[in-house]
Number of protein chains: 2
Amino acid sequence: MVDCLKAVGTASKAAEQQAELLIQADRFGHPSHGLNRLEMYVNDIRSGACEPNNEPKILKETEATAWVDANNVLGATASHFGMDLAIKKAQKTGVGWVSVKGSNHFGMAGFWAQKAADQGLIGLAYTNTSPLLAPTRSKEAALGTNPIACVAPASQNESFYLDMATTTVSVGKIEMQRRKGEPLPSGWAQGPDGNETTDAELAFKTSCLMPLGGGELTSGYKGYGLAAMVELFCGILAGANYGHHVRSWSHSGAGGPANLGHCFVAVNPECFAPCFGDRMADCVKHWREMEPTNPDLPVLAPGDKEKQAAAETDARGYVTYVKQQIESSAALAKRLNIKPMEVNMN
Amino acid sequence: MVDCLKAVGTASKAAEQQAELLIQADRFGHPSHGLNRLEMYVNDIRSGACEPNNEPKILKETEATAWVDANNVLGATASHFGMDLAIKKAQKTGVGWVSVKGSNHFGMAGFWAQKAADQGLIGLAYTNTSPLLAPTRSKEAALGTNPIACVAPASQNESFYLDMATTTVSVGKIEMQRRKGEPLPSGWAQGPDGNETTDAELAFKTSCLMPLGGGELTSGYKGYGLAAMVELFCGILAGANYGHHVRSWSHSGAGGPANLGHCFVAVNPECFAPCFGDRMADCVKHWREMEPTNPDLPVLAPGDKEKQAAAETDARGYVTYVKQQIESSAALAKRLNIKPMEVNMN
């Protein structure tokens, strides 16, 4: 990944930070946000839509806030800059609230919230993304999958890790049902007429996702409201592209600079009641130990799936990819004239 | 409402603030959080579980944060204190983050977020509540309906108003289906065996709500994660009762002090990109003007339902209540030996 980004002119540090973000997503069992995204970044750099060697700049700041222009750098560069600032401010005043414009895709939101948690802080990360979510009752999309990530440290080696899109599912999950030839559960996606569809093929073509909660009867307007709140924190607060003005999602880099908005918040639990980590750990353990409805499906605490995937990856000692990914990575390496990824086919 | 609260010994200002909160919920078309809750507060005061004439105290603070002990006052008193602090801090440093312990039911979350928006700030309000939400895969409840409210000012007399429980629906909605003798939509509630039920009678008895998103296939774990995040901001951060330790929900006041936790955040958009209000208004208008799937059901912006209900109430000049509410209010007045509410039966 580093070689690919360098091959299109990215300086080492930016390339390494972007690769670290992607490999962490693969390690956490979220391949859609891992190596899979590399080609999009490479294309954006090649087309000039992303300028990886620029430098982010603070446009305005107080003891607790900062407004940042990412200057069109890679999402990882922009997000390290933004979250580092939020952390510094939270360490000084208890909370740091940083709003970033002029950025690119920032990958797995939880990675940025985790960065604050690694410093003993509560971390929050939000970003806007290309329109894919249809507001309740609407035929078309007007908001992104706008994720919310919240990570907090806890005692006894526990932590709280939440990283969720505000749509019911990602486009990737619809693609998986389509490949398996299976219908979609209700509440996932709309067809071109604006009605819910369970036809995976049609849903994939339409690319119009339902908000968390699904239809109106099951309170999908709450998911829509959450996605809108994230937009408020990101594009609207930062003065970046926002909502319906964000470019369409594509791998081509043809849409010009993305000018995405992010929001990074860090909160220092030490400024509040003592023993935050003990209470957090108590909850995580309590949830995990609750009696499950189905004995074969234990109750999980937020983040357990990611932690398990990471532990499995670490125990194995390597990341696994689907064949299609390996092939497209090999093609990308060839196109960029670099040594292809070492693969152990089995 | 003021008379009832005074009859059990509440000083004027606290009684008036609590009544203002309740009448605003009735005006906004959320009767579950209006007059309907009065008796619970009265009972809590009578039993000594709530001490309305205490004073909240700041336990720890920085330029941008405060940790508050509400000292068991009414939710409205605690929340005015908390949000006023957050506003003052946001006006000075751009953001104020206030965590409150030792509080009681704070009513309609949006009321508190609105208080910040009235000062030109983005307002966020969260609270924990009694366990009613079953974590995904779990047979029992372990979290409350833990609401998220976000209100922001916008240009052209617009605003963004989101106030949502992190369960699919409230218990009140289940009660309504039960009264109508209609089954529940899927994704609302669990039966005693932990499986989803559409039986309104059984669901009402079980009082075990599903998180926003419903079952696991439709990403209900995201609603569970959000409720948990709200708990992290409230009981866990404030050192109040939290999660499974919060007393059961009841009208009796028998459970002792609730010791609930709230979180109030105010953010000053002036510390970020200029013209926040214009972008916010652009979005609100865009959403509202989108082509609806069903021409009879126009797309709404978050808060449109509440604003419409308030406009209707104001045009009418009075609040309407169901007969049952009027009767129970009359009985309460009689019990407290005060003049009953003036009612125009028609």
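Buried means under 20% relative accessible area, exposed means over 50%, and partly exposed is in between (1.4 Å probe, protein chains only). The model here is predicted: local features need pLDDT of at least 70, side-chain atom pairs count only at pLDDT 80 or more, and totals for chains, interfaces and linings use all residues. Residues are numbered from 1 along each chain as its sequence is written, chains are lettered from A and ligands numbered from 1 in the order in which they are written, and side-chain values use heavy atoms, with hydrogens and water left out.

**Exercise 1. Work out how helix H5 of chain A sits in the structure.**

Step 1: get the element straight. Helices (H or I, at least four residues) and strands (E, at least two) are DSSP runs, numbered from the N terminus. H5 of chain A covers residues 109-117.

Step 2: check burial. In H5, 8 of the 9 residues are buried, so the helix is largely enclosed by the rest of the structure. Among them are A:Phe111, A:Trp112 and A:Lys115.

Step 3: look for the cover, taking contact as heavy atoms within 4.5 Å. The buried residues of H5(A) are covered by, among others, helix H2 (12-27), helix H4 (75-93) and strand E4 (122-127) of chain A. Strands E5 (148-153), E6 (159-164) and E9 (260-267) are on that list too.

Step 4: zoom in on one residue of E4. A:Ala125 lies in this strand, and it's buried, at 0% relative accessible area. Leaving aside neighbours within four places in sequence, its contacts include A:Ala109, A:Trp112 and A:Ala113, and those three are among the buried residues of H5(A). A:Ala125 also contacts A:Cys263 and A:Phe264. As for A:Asp163, its C-alpha is 8.9 Å from that of A:Ala125, with the two positions 38 residues apart in sequence.

**Exercise 2. Sort out the aromatic pairs around B:Phe106 and B:Phe111.**

Step 1: set the rule. Rings of Phe, Tyr and Trp (its six-membered ring) pair if their centres lie within 6.5 Å; planes under 30 degrees apart count as stacked, over 60 as edge-to-face and the rest as tilted. Over all chains, the search turns up 12 aromatic pairs.

Step 2: classify B:Phe106 with B:Phe264. Their ring centres are 5.9 Å apart and the planes are at 40 degrees, so this pair is tilted.

Step 3: place the two rings. B:Phe106 is in the loop between strand E3 (95-103) and helix H5 (109-117) of chain B, while B:Phe264 is in strand E9 (residues 260-267) of chain B, so the pair ties together parts 158 residues apart in sequence. B:Phe106 is buried, at 1% relative accessibility, and B:Phe264 is buried as well, at 0%.

Step 4: do the second pair. B:Phe111 and B:Trp112 are edge-to-face, with 4.7 Å centre to centre and 75 degrees between the planes. Both B:Phe111 and B:Trp112 are buried.

Step 5: hop over to chain A. There, ring pairs join A:Trp97, A:Tyr126 and A:Phe233 into a cluster.

**Exercise 3. Count the disulfides and check A:Cys234 and A:Cys275.**

Step 1: apply the cut-off. A disulfide is a pair of cysteine sulfur atoms within 2.5 Å, and the count over all chains is 0.

Step 2: check A:Cys234. Its nearest cysteine sulfur belongs to A:Cys263 and is 5.6 Å away. A:Cys234 is buried, at 0% relative accessibility.

Step 3: check A:Cys275. Here the nearest cysteine sulfur, that of A:Cys283, is 14 Å away. A:Cys275 is partly exposed, at 47% relative accessible area.

**Exercise 4. Describe the backbone and surroundings of A:Asn157 and B:Ser207.**

Step 1: recall the background. Most residues other than glycine have a negative phi.

Step 2: take A:Asn157. Its phi is positive, about 60 degrees, although it is not a glycine. A:Asn157 sits in the loop between E5 and E6 of chain A and is exposed, with a relative accessible area of 83%.

Step 3: take B:Ser207. Its phi is positive as well, near 50 degrees. B:Ser207 lies in the loop between helix H7 (200-206) and helix H8 (220-238) of chain B, and it's partly exposed, at 27% relative accessible area.
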